[in-house]
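Subject: Handover of a structural model

Dear colleague,

Please find below the structure that I am handing over to you. My notes on what was found in it follow directly after.

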Amino acid sequence: MKGTVAEIFETHPEYWGLTGDLHLWEDLKEFFSNMSLPYSVERFTENFYIFYKLTSGYEIKEGVEHYIPGYDKGGASGGMINSSFWLEKGLPVLTERLEKLNKKYERKKNK
């Protein structure tokens, strides 16, 4: 997945909101594995919101949890994704990583 946006998903966050968030992370990684660098943060954010809605069936909103049957592997919060995690932690981490990766890519390209 070198040279694609999927690189920003290689390191997991220190914690998850709910157990389904890991599965959403991995699905996002797969989705963005076909997107070449550089890739604008604005476009990434837009595609993230679209992917979230297509996956959950809902717009992402602070303080809301959604159940995704395909993510239910058991456990107390099996299949649940936490929109607050994504808005406060997941998305900011990913966009920061993408900004850094884009800069690194541009430096290599200009050598």
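A residue counts as exposed when its relative accessible area is over 50%, as buried when that value is under 20%, and as partly exposed in between. Because the relative accessibility of K100 is 53%, K100 counts as exposed. Please note that the model is a predicted one.

**Individual residues**

K100 belongs to helix α3. Its C-alpha atom lies 23 Å from that of D21, and the two residues are 79 positions apart in sequence.

K2 is found in the segment before α1. With a relative accessible area of 69%, K2 is exposed. Between the C-alpha atoms of K2 and A76 the distance is 36 Å, with 74 residues separating the two in sequence.

D72 sits in the loop that runs between β1 (65-67) and β2 (80-82). Its relative accessible area is 33%, so D72 is partly exposed. When neighbours within four places in sequence are left aside, the contacts of D72 are Y67, G78 and G79. The C-alpha atoms of D72 and R107 are 42 Å apart, for a separation of 35 residues along the chain.

N82 is part of strand β2. Its relative accessibility is 14%, and N82 therefore counts as buried. Apart from neighbours within four places in sequence, N82 touches G17, L18, D21, V64 and E65. D21 also takes part in the contact between α1 and α3, which is described below.

One peptide bond should be mentioned here: the bond from L37 to P38 is cis, with omega near -5°. P38 is located in the loop between α1 and α2.

**Packing of α1 and α2**

Helix α1 covers residues 20-32 and helix α2 covers residues 41-56; their axes come within 11 Å and cross at roughly 125°. An angle from 115 to 145 degrees falls in the oblique range, and α1 and α2 are therefore oblique to each other. The crossing of these two helices, α1 and α2, is right-handed. On the side of α1 the contact is made by L24, D27, L28, F31 and F32, and on the side of α2 by F44, N47, F48, F51, Y52 and T55. By class, the residues of this contact of α1 with α2 are eight nonpolar, two polar and one charged.

**Packing of α2 and α3**

The axes of α2 and α3 come within 10 Å and cross at roughly 150°. This crossing of α2 and α3 is right-handed. From α2, the contact involves V41, F44, T45, F48, Y49 and Y52; from α3, it involves S83, W86, L87, L91, L94, T95, L98 and E99. Ten nonpolar residues, three polar residues and one charged residue make up the contact of α2 with α3.

**Packing of α1 and α3**

The axes of α1 and α3 are 13 Å apart, and the two helices pack at an angle of about 30°. Angles under 35 degrees count as roughly parallel, and α1 and α3 are therefore roughly parallel to each other. The crossing of α1 and α3 is right-handed. It brings together D21, L24, W25 and L28 of α1 with F85, W86, L94 and R97 of α3. The residues of the contact of α1 with α3 comprise six nonpolar, no polar and two charged ones.

**The nonpolar core**

How many residues does the largest nonpolar core have, and which of them have the most contacts inside it? This core has 25 residues, and those with the most contacts inside it are V5, F44 and W86. Two or more residues are given to this core by each of α1, α2 and α3 (83-109). The largest share, six residues, comes from α3.

F44 deserves a separate entry. Leaving aside neighbours within four places in sequence, F44 is in contact with V5, I8, F9, F32, Y39, L91, L94, T95 and L98. Among these partners, F32 belongs to the α1 residues in the contact with α2, while L91, L94, T95 and L98 belong to the α3 residues in the contact with α2.

With kind regards

Conventions
Residues are numbered from 1 along each chain as its sequence is written. This is a predicted model: local features need pLDDT of at least 70, side-chain atom pairs count only at pLDDT 80 or more; totals for chains, interfaces and linings use all residues. Side-chain values use heavy atoms; hydrogens and water are left out. Axes are lines fitted to C-alpha atoms, for helices over the stretch in contact, and angles run from 0 to 180 degrees between N-to-C directions. Helices (H or I, at least four residues) and strands (E, at least two) are DSSP runs, numbered from the N terminus. Angles under 35 degrees count as roughly parallel, over 145 as roughly antiparallel, 65 to 115 as roughly perpendicular and the rest as oblique. A crossing is left-handed if the near helix is turned anticlockwise from the far one by less than a right angle, and right-handed if clockwise. Contact means heavy atoms within 4.5 Å. Ala, Val, Leu, Ile, Met, Phe, Trp, Tyr, Cys and Pro count as nonpolar, Asp, Glu, Lys and Arg as charged, and the others, Gly among them, as polar. A nonpolar core is a set of buried Ala, Val, Leu, Ile, Met, Phe, Trp, Tyr and Cys residues joined through side-chain atoms within 4.5 Å. Buried means under 20% relative accessible area, exposed over 50%, partly exposed in between (1.4 Å probe, protein chains only).
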